[in-house]
Amino acid sequence: LKGILPLILGALIMMTCTTSVSLSLEGKNLWILKSLPITKEEIYKGKMLFNLLLQIPTALISSALLAVRFRVTGMTLITLFVYPVAAAFAGTVWGLFINLKLPVYNWTNETTVVKQSAASFFALIFGIIVSIPFVGLIFFVGNVSVGVLGVAEAVGMFLIAAGLWSYCRRVEF
């Protein structure tokens, strides 16, 4: 259980993504954002910063509590703090990416966007899908180092975030 704690926490963090619906929630008032004297990148960064301000403190507090409760040490302890933060970045940028791909601007009720949109669904399952191969490796390949695997996964998350951000920067909403 200690080995998969970072992956579980990261998956849970990625499932609480606000950026997957943040542009769509602008709805008919999207023209206000477009008319502001700021770039689209600054708008995207603002949406992502709000999400990160919710997720990173939550991830760090949860990591600290899990580390104390399960007496995690060594490389697993490092992974317990690094992976959820990396997952927060990847999930945040993934949410923005999927909202740019699948926006819903013509809604009549906010519930439609938040609970019933495709962007919300894909943002929700992203964390689970990304974590499954690594949890499988831990269970089926018994001699794999959990700490090294977690750090590799964290690096992968940061690379996913960087790649998706480079795409999002070029896309208009």
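**Aromatic rings and their partners**

In this predicted model, the charged end of Arg69 is placed over the ring of Phe70, at 5.1 Å from the centre of that ring. This contact makes a handy starting point for a look at the aromatic side chains.

Rings can also meet other rings, and a pair of aromatic rings is described by the distance of the centres and the angle of the planes. The structure contains 6 aromatic pairs. One of them joins Tyr44 and Phe173 in an edge-to-face arrangement, with 5.8 Å from centre to centre and 65 degrees between the planes. This angle earns the name edge-to-face because it is over 60 degrees. The pair links distant parts of the chain: Tyr44 belongs to helix H4 (residues 40-70), Phe173 lies in the segment after helix H8 (146-168), and 129 residues separate them. Are these two rings buried or exposed? Tyr44 counts as buried because its relative accessibility is 0%. Phe173 is buried too, with a relative accessible area of 14%, since buried means under 20%.

A second example is formed by Trp94 and Phe97, a tilted pair with 5.4 Å between the centres and 35 degrees between the planes. Here the partners are neighbours along a helix: Trp94 and Phe97 are about one helical turn from each other because they are 3 residues apart in helix H5 (residues 74-101). Both Trp94 and Phe97 are buried.

Which residues join Trp94 and Phe97 in one aromatic cluster? The cluster is completed by Phe126 and Tyr167.

Note on methods
Residues numbered from 1 in each chain as written. Predicted model: local features only at pLDDT ≥ 70, side-chain atom pairs only at ≥ 80, totals over all residues. Heavy atoms only, no water. Phe/Tyr/Trp six-rings, centres within 6.5 Å; stacked < 30°, edge-to-face > 60°. Helix = DSSP H or I, 4+ residues; strand = E, 2+ residues; numbered from the N terminus. Buried < 20%, exposed > 50% of the residue type's maximum accessible area, 1.4 Å probe, protein only. Lys NZ or Arg CZ within 6 Å of the ring centre and 35° of its normal.
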